[in-house]
Amino acid sequence: MTGGAREKAHVARSPATAQGPALGEVLPHVVPTLRACLQPSQDPQMRLKLFSILSTVLLRAADTINSQGQFPSYLETVTKDILAPNLQWRAGRTAAAIRTAAVSCLWALISSEVLSAKQIRDVQETLMPQVLTTLEEDSQMTRLISCHIINTFLKTSGGMTDPEKLIKIYPELLKRLDDVSNDVRIAAASTLVTWLQCVKAANAKSYYQSSVQYLYRELLVHLDDPERAIQDAILEVLKEGSGLFPDLLVKETEAVIRKHRSATYCEQLLQHVQAVPATQ
């Protein structure tokens with residue numbers, strides 16, 4: 001680390017590790033310093049350390065960085081100038097570790113309860129494309145946290161997400177249903193439930209018909225998974241989406257029921273479809 005970098009890191013660490021509400025009083029100094037130190041051109045080890053510190057601070061945001069209620073006014077800088085550049089893919093293990101640190105920091109930010117729903121939607125607008133790419137990371141932790149972030153983004157946006165952008169999300173979540181980690185698979189399934197809730201809340205549901213039909217087909221494959229926990233999670237996704245195009249779901253289910261090792265889950269799904277009215 002160069003002498004200049006060491007000095008920047010020291011300046012950032014001193015206020016960032018301060019106890020109590022004092023940190024919120026020096027944001028005009030802290031945020032620009034973090035912005036300068038966390039650029040991709042800076043020392044990777046310093047950036048990893050600073051992201052760790054920032055994540056810790058954000059977890060106690062009300063008592064630290066937002067003690068004066070001013071942190072949201074720096075949100076654009078944090079989102080566009082600090083997080084976005086560090087979420088971009090670059091080759092190498094160190095770059096991957098930095099993306100994991102940045103994803104963790106983003107999760108701490110949107111979980112901190114200092115942002116309004118509109119502010120979280122603003123963060124989503126800026127960072128959703130990058131978070132969708134981090135679903136492909138080698139790190140299981142990164143993939144898992146990315147699922148949680150997308151879930152929160154979708155819950156906050158409701159039916160307000162642009163239809164074209166909303167449609168781009170579900171194929172990336174579907175890929176994670178084949179993940180080596182059951183935790184990631186279950187998190188992806190939970191996020192697909194939220195995605196379907198967004199479709200339900202949207203206007204012009206017919207716009208999503210082909211996408212939802214494709215989703216039905218793929219989910220029905222996973223409904224025959226060897227792992228019961230995965231089957232249970234997938235059944236909940238299908239139940240959530242059953243009211244959108246019930247006739248299509250019945251057709252797709254009846255086409256595969258005899259191919260499954262057990263018809264139990266398909267039968268439960270068909271019973272659910274019959275009992276629940278279609279979404280208007």
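## A left-handed pair of helices

Let's start with two helices that pack together: the crossing of helix 14 and helix 15 is left-handed, a label used when the near helix is turned anticlockwise from the far one by less than a right angle (clockwise would make it right-handed). The contact (heavy atoms within 4.5 Å) is made by P246, L249, V250, T253 and E254 on the helix 14 side, and by C266, L269, L270 and V273 on the helix 15 side. Sorted by kind, the residues of this contact come out as 7 nonpolar, 1 polar and 1 charged. Here Ala, Val, Leu, Ile, Met, Phe, Trp, Tyr, Cys and Pro count as nonpolar, Asp, Glu, Lys and Arg as charged, and the others, Gly among them, as polar.

Helix 14 covers residues 246–256 and helix 15 covers residues 264–275. Their axes are 10 Å apart, and the packing angle is about 160 degrees; axes are lines fitted to C-alpha atoms, for helices over the stretch in contact, and angles run from 0 to 180 degrees between N-to-C directions. Helix 14 and helix 15 are therefore roughly antiparallel to each other, the word for angles over 145 degrees (under 35 is roughly parallel, 65 to 115 roughly perpendicular, and the rest oblique).

## What you're looking at

This is a predicted model, where local features need pLDDT of at least 70, side-chain atom pairs count only at pLDDT 80 or more, and totals for chains, interfaces and linings use all residues. Residues are numbered from 1 along each chain as its sequence is written, and side-chain values use heavy atoms, leaving out hydrogens and water. Helices are DSSP runs (H or I, at least four residues), numbered from the N terminus.

## Salt bridges across the chain

The count of salt bridges comes to 14, each one a side-chain nitrogen of Lys or Arg within 4 Å of a carboxyl oxygen of Asp or Glu. One of them joins R35 to D81, with the closest N and O atoms 3.1 Å apart. R35 sits in helix 3 (residues 27–37) and D81 in helix 5 (residues 75–87), so this pair ties together parts that are 46 residues apart in sequence. R35 counts as partly exposed because its relative accessibility is 37%, and D81 is partly exposed too, at 27%. For these words, buried is under 20% relative accessible area, exposed is over 50%, and partly exposed is in between (1.4 Å probe, protein chains only).

Next comes E137 with R99, a salt bridge at 2.4 Å, N to O. E137 lies in the loop between helix 7 (117–134) and helix 8 (140–157), while R99 is in helix 6 (residues 93–110), so the pair links parts 38 residues apart in sequence. Both E137 and R99 are buried. Then there's E125 with K165, whose closest N and O atoms are 2.4 Å apart. E125 belongs to helix 7 and K165 to helix 9 (residues 163–167), so parts 40 residues apart in sequence are tied together. Salt bridges that share partners also join E136, R143, E172, K175, R176 and D179 into one network.

## Two residues of helix 11

Is T191 buried or exposed? T191, which lies in helix 11, is buried, with a relative accessible area of 0%. Setting aside neighbours within four places in sequence, T191 touches C147, I150, N151, L154 and L173.

Q197 is also found in helix 11 (residues 182–201), but Q197 is partly exposed, at 37%. The C-alpha atoms of Q197 and G159 are separated by 7.9 Å, with their positions 38 residues apart along the chain.
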